[in-house]
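Here are some short exercises on aromatic rings and their surroundings. Have your viewer ready and work through each task before reading its solution.

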Amino acid sequence: MANLKEIRSRIASVSSTMQITSAMKMVSAAKLKKAQDAITAMRPYADKLTELLQALSATLDDDSGSRYASQREVNKVLVVAITSNRGLCGAFNSNIIKEVNRLASETYANQEVSVLTIGKKGHDILSKTHTIIHNDSDVFDDLTFDNVAAVAELMMEKFVDGEFDKIEIIYNKFKNAATQIVTKEQFLPIVPVESDEASNSDYIFEPSKLEIVETLIPKSLKTQLYKAVRDSFASEHGARMTAMHKATDNASDLKADLTLTYNKARQAAITNEILEIVGGAEALNG
């Protein structure tokens with residue numbers, strides 16, 4: 001059994017850790033509310049915009065289709081991995097890294113896979129095993145539409161130039177504070193929706209359908225990436241809040257166990273001292 005000084009030192013260390021994890025939990029809870037409100041308000045707009053443009057793209061003739069919807073043989077794939085800049089958020093980052101590795105080794109085993117990372121943690125790990133064409137960890141320092149749009153423009157430019165035949169986004173979709181769903185979305189090329197309603201609807205377009213598609217698709221793609229980053233940002237704080245809550249509970253249990261051990265050790269030390277005194281007194285009387 002460890003001596004009393006060592007146990008006291010461990011109790012002080014666990015108490016300090018518990019204060020830190022509790023503070024981090026409170027900070028993440030405060031940030032989560034704002035991030036959750038932002039993604040909840042944005043998600044219906046982003047989903048509806050994507051749905052409308054996919055339906056409109058489906059009605060275009062093959063020879064007049066958008067350059068962002070051109071289907072070609074997939075030889076080079078770009079995977080966009082959205083992680084966080086900081087750790088201590090459970091399996092939040094490792095789930096994304098596992099999914100990227102799974103795609104590279106299974107789904108696209110016969111294709112050349114490159115990775116674009118958003119977030120420092122993903123870049124630090126994936127750069128050891130994959131080709132990283134770009135890393136943007138500063139997005140979360142100032143999470144605005146314009147900053148994310150710059151990354152989306154880079155991705156669109158590489159697709160249009162033929163550097164990549166397919167681009168996929170992997171991120172944690174926010175469900176609630178305790179649940180984050182690893183989501184894979186195709187960014188480019190745009191997949192037209194096969195809908196009888198879209199093909200049978202008779203609309204008059206001003207300007208032309210092609211011009212509308214060419215104008216709105218870049219905005220829709222930027223919005224799609226911004227939604228994914230916002231989802232990941234809210235998921236990060238939810239995961240960290242949950243992880244810190246569990247860490248605080250574990251630290252509290254460990255502190256209680258150490259306190260019990262300390263009391264037992266102190267009691268044993270006192271008992272030994274009493275026995276020594278009694279034994280000494282008996283020896284003198286003898």
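A residue is called buried when its relative accessible area is under 20%, exposed when it is over 50%, and partly exposed in between. Keep in mind that this is a predicted model.

**Exercise 1.** Classify the ring pair formed by Phe140 and Phe233, and say which parts of the chain it ties together.

*Solution.* Start with the total: the count comes to 2 aromatic pairs. For Phe140 and Phe233, the ring centres are 6.1 Å apart and the planes meet at 15°. Planes under 30 degrees apart count as stacked, so this pair is stacked. Next, locate the partners: Phe140 belongs to the loop between β3 (131–135) and α4 (145–160), while Phe233 is in helix α6 (residues 209–285), so the pair ties together parts that are 93 residues apart in sequence. Finally, check accessibility: Phe140, at 13%, counts as buried, and Phe233, at 18%, counts as buried too.

**Exercise 2.** Now do the same for Phe145 and Tyr226.

*Solution.* Here the centres lie 5.5 Å apart with the planes at 85°. Angles over 60 degrees count as edge-to-face, so that is the label for Phe145 and Tyr226. Phe145 sits in helix α4 and Tyr226 in helix α6, 81 residues apart, so this pair links distant parts of the chain. Is each partner buried or partly exposed? Phe145 has 30% relative accessibility and counts as partly exposed, whereas Tyr226, at 13%, counts as buried.

**Exercise 3.** Find the ring that the charged end of Arg72 sits over.

*Solution.* The ring belongs to Phe159, and the charged end of Arg72 is 4.3 Å from its centre.

Note on methods:
Residues are numbered from 1 along each chain as its sequence is written. This is a predicted model: local features need pLDDT of at least 70, side-chain atom pairs count only at pLDDT 80 or more; totals for chains, interfaces and linings use all residues. Side-chain values use heavy atoms; hydrogens and water are left out. Rings of Phe, Tyr and Trp (its six-membered ring) pair if their centres lie within 6.5 Å; planes under 30 degrees apart count as stacked, over 60 as edge-to-face and the rest as tilted. Helices (H or I, at least four residues) and strands (E, at least two) are DSSP runs, numbered from the N terminus. Buried means under 20% relative accessible area, exposed over 50%, partly exposed in between (1.4 Å probe, protein chains only). A charge sits over a ring if NZ of Lys or CZ of Arg is within 6 Å of the ring centre and within 35 degrees of the ring normal.
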